[in-house]
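Work through these three exercises with the structure open. Try each task before you read its solution.

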Amino acid sequence: MALILFHTPNSRSLRPLWLIEEMGLDFDLKVMAYYADYFASDSYREINPMGKVPALYDGDKLILESTVILQYILAKHGPSPLSVEPGEADFGFYLTWLHMVESGLSHYLAVYLGQMMGVDKYAVSEDFETYVKYQAEKAFEMLNNHLSQRSYIASERFTAADISVGYSLFLASKLCRLPLPNRVETYFERLQDRLAWQKIVSIKGET
Ligand SMILES: N[C@@H](CCC(=O)N[C@@H](CS)C(=O)NCC(=O)O)C(=O)O
């Protein structure tokens, strides 16, 4: 089995898991519940020195960062219509949204979620909540405007950029309970109708 994905329910590993399901690739899934001590342990850090999920092994190669993993899988295990190619007009939009929602949105939201759940002892500032909401509102407004002329992020079809954005909306709306603007909400509902999404969010438990 070439591809092995380390996954925790509700986490960023939903991004590569969603893509793998959509592409119908053969892979081995390792599901772990979230235990901060296990993620920090020597045995897990032998798998991923950063102590995080997702971690993808392609043979003996370790690939990290959920949105990078999307790009990697499409480049190495495509071709697939879920990728937007350099010759397509929306290539720039595609790459922007594929990566920006992690660094410019999910990153803040995940720390905020840790603060809400009391599991992140380093994120304690009340001002931080204001800052996260400010960052989220900018990203939601940009997305709401982007969707005024489009049903998907790029090339008028469902692509990995929608997977990347879709996970960030799940984190924002379902986990952090932030309200979404109307067009973004409708778009997110459309993404959640996908069978691959419904399958992966129902995966629970450990191996
Ligand atoms: N930017 C990284 C973030 C990875 C990340 O922080 N994952 C969280 C779960 S969503 C995690 O493993 N946290 C455990 C920890 O940092 O100890 C990505 O997109 O893969």
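**Exercise 1. Describe how the two domains of this predicted model are placed and how they meet.**

Solution.
- Step 1: start with distance. The C-alpha centres of domain 1 and domain 2 are 20 Å apart.
- Step 2: find the bounds. Domain 1 covers 3–82, and domain 2 covers 91–195.
- Step 3: look at the contacts. 14 residues of domain 1 touch 12 residues of domain 2.
- Step 4: name the elements on the domain 1 side. Helix H1 (14–23) and H4 each supply at least two residues there. H4 gives the most, with 5 residues.
- Step 5: sort that side by class. It has 8 nonpolar, 4 polar and 2 charged residues.

**Exercise 2. Locate Gly78 and decide: is Gly78 buried, exposed or partly exposed?**

Solution.
- Step 1: place the residue. Gly78 sits in the loop between helix H4 (66–77) and helix H5 (91–117).
- Step 2: count its surroundings. Gly78 has 14 other C-beta atoms within 10 Å.
- Step 3: apply the cut-offs. Buried needs 20 or more, and exposed needs 12 or fewer. Gly78 is therefore partly exposed.
- Step 4: compare with a residue 118 positions away along the chain, Ala196. The C-alpha atoms of Gly78 and Ala196 are separated by 18 Å.

**Exercise 3. Describe the shell around the ligand.**

Solution.
- Step 1: list some members. Among them are Ser11, Arg12, Phe39, Lys52, Glu65 and Glu102.
- Step 2: assign elements. Helix H2 (36–39) and H5 give two or more residues each.
- Step 3: split the shell by class. There are 5 nonpolar, 3 polar and 4 charged residues.

Definitions and conventions. Residues numbered from 1 in each chain as written. Predicted model: local features only at pLDDT ≥ 70, side-chain atom pairs only at ≥ 80, totals over all residues. Helix = DSSP H or I, 4+ residues; strand = E, 2+ residues; numbered from the N terminus. Near = placed C-beta within 6 Å. Nonpolar A, V, L, I, M, F, W, Y, C, P; charged D, E, K, R; others polar. Domains from an automatic or database assignment. Contact = placed C-beta atoms within 7 Å.
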